[in-house]
Amino acid sequence: MSTLEILQFPDPGLRHRARPVVELDTAALRGQAQDMLETMYSASGIGLAAIQVGIDKRLIVMDISEDRGNPVVLVNPELLVRKGRRSMTEGCLSVPDYTDTVERADRIRYRALKLDGSPVEEWCDGLLATCIQHEIDHLDGRLFIDRLSLLKSRRVRKKLEKAHRSGVPQPLPAGVQSAVL
Ligand code: NI
């Protein structure tokens with residue numbers, strides 16, 4: 001296992017639509033999922049999409065548990081139904097200096113494959129639903145800052161691009177790590 005470099009906004013690699021995984025149950029796919037989990041854990045995130053580490057696959061890893069002992073890997077995840085609205089403060093491992101409130105569906109039904117190719121289809125809500133929606137956005141080349149109001153999104157992007165150019169790292173405020181997806 002190894003940790004991978006996480007692409008940072010405004011890297012253009014974060015902006016394309018990832019390709020579906022065709023070959024399931026392979027050692028290569030398992031290895032990539034393991035590396036992604038290790039990368040996510042070492043960066044204190046609760047979710048990571050393959051596109052964020054330069055892997056062009058519809059593959060996401062998550063762990064929303066308190067003790068960081070419940071890894072979830074989903075291949076080719078798709079949203080089937082969205083219900084209700086819920087606002088949550090989100091951050092992102094690819095947008096390290098910023099958190100903001102994003103409104104998404106509160107309850108979703110999704111389907112995906114597990115690493116061995118077996119299908120999973122279920123309802124979920126709360127933090128898991130937020131996380132899955134955030135990660136699927138990544139697979140479609142979207143970031144949570146795109147979901148702010150147009151004016152705000154433009155202002156935030158400008159600010160982050162400037163910070164990126166200056167190269168000055170800004171630590172995340174305390175207490176927001178659980179929302180870094
Ligand atoms: Ni993210």
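## A buried residue at the nickel site

At 1% relative accessibility, His138 is classed as buried, because the cut-off for that class is under 20%. The structure is a predicted model, and His138 is one of the residues that hold its nickel ion.

## The nickel site

Four protein atoms serve as donors to the nickel ion: SG of Cys92, NE2 of His134, NE2 of His138 and O of Leu181. They lie 2.1 to 2.3 Å from the ion. The angles among these 4 donor atoms run from 85 to 150°, and the site is irregular. A tetrahedral site would need all angles between 85 and 135 degrees.

Along the sequence, the donor residues follow the spacing C-x41-H-x3-H-x42-L. The pair His138 and Leu181 links distant parts of the chain: His138 belongs to helix α2 (residues 126–139), whereas Leu181 lies in the segment after α3 (150–166), 43 residues away. Leu181 has 0% relative accessibility and therefore also counts as buried.

## Helix α2

Helix α2 consists of 14 residues and reaches 21 Å from its first C-alpha to its last, close to the 20 Å expected at 1.5 Å a residue. Because 12 of its 14 residues are buried, α2 is largely enclosed by the rest of the structure. The buried residues of α2 include Cys131, Gln133, Glu135 and Asp137, together with the nickel donors His134 and His138. Just after this helix, Gly141 adopts a positive phi of about 80°.

## The sheet

Five strands form an open sheet in the order β1-β2-β3-β6-β7, and their pairing is antiparallel. Strands β1 (47–49) and β7 (119–125) stand at the edges; each has a single partner strand, so one side of each lacks a neighbour in the sheet. From one strand to the next, the twist averages 40°.

At one edge, β1 pairs with β2 (residues 59–62) in the antiparallel sense over 3 bridges, and Ala49 stands opposite Ile60 in β2. At the other edge, 7 bridges join β6 (residues 107–113) to β7; Leu113 has Pro119 in β7 as its bridge partner. Strands β6 and β7 make a hairpin with 5 residues between them, and Gly117 in the turn has a positive phi of about 95°.

## Helix α1 against the sheet

Helix α1 (residues 27–42) packs on the sheet, where it touches β1, β2 and β3 (72–83). The direction of α1 makes about 40° with that of β2. The buried residues of α1 are Leu29, Ala33, Asp35, Met36, Leu37, Thr39 and Met40, and they pack against β1, β2 and β3. At 1.5 Å a residue, the 16 residues of α1 should span 22 Å, which agrees with the 22 Å between its end C-alpha atoms.

## Less common backbone geometry

Most residues other than glycine have a negative phi, and most peptide bonds are trans. Asp25 is not a glycine, yet it has a positive phi of about 60°. Asp25 is located in the segment before α1 and, at 45% relative accessibility, counts as partly exposed. Ser44 likewise is not a glycine and has a positive phi of about 60°. Ser44 is placed in the loop between α1 and β1; with 31% relative accessibility, Ser44 is partly exposed.

A cis peptide bond joins Phe9 and Pro10, with omega of about 5°. Pro10 is found in the segment before α1.

Terms used
Residues are numbered from 1 along each chain as its sequence is written. This is a predicted model: local features need pLDDT of at least 70, side-chain atom pairs count only at pLDDT 80 or more; totals for chains, interfaces and linings use all residues. Side-chain values use heavy atoms; hydrogens and water are left out. Donors are N, O and S atoms within 2.8 Å of the metal (3.2 Å for Na, K and Ca); water is not among the atoms, so sites may look incomplete. Four donors count as tetrahedral if all angles lie between 85 and 135 degrees; four count as square planar and six as octahedral if opposite donors are over 155 degrees apart and all others between 65 and 115; anything else is irregular. Helices (H or I, at least four residues) and strands (E, at least two) are DSSP runs, numbered from the N terminus. Buried means under 20% relative accessible area, exposed over 50%, partly exposed in between (1.4 Å probe, protein chains only). Two strands pair if DSSP finds at least two bridges between them. Axes are lines fitted to C-alpha atoms, for helices over the stretch in contact, and angles run from 0 to 180 degrees between N-to-C directions. Contact means heavy atoms within 4.5 Å. The expected span of a helix is 1.5 Å times one less than its number of residues.
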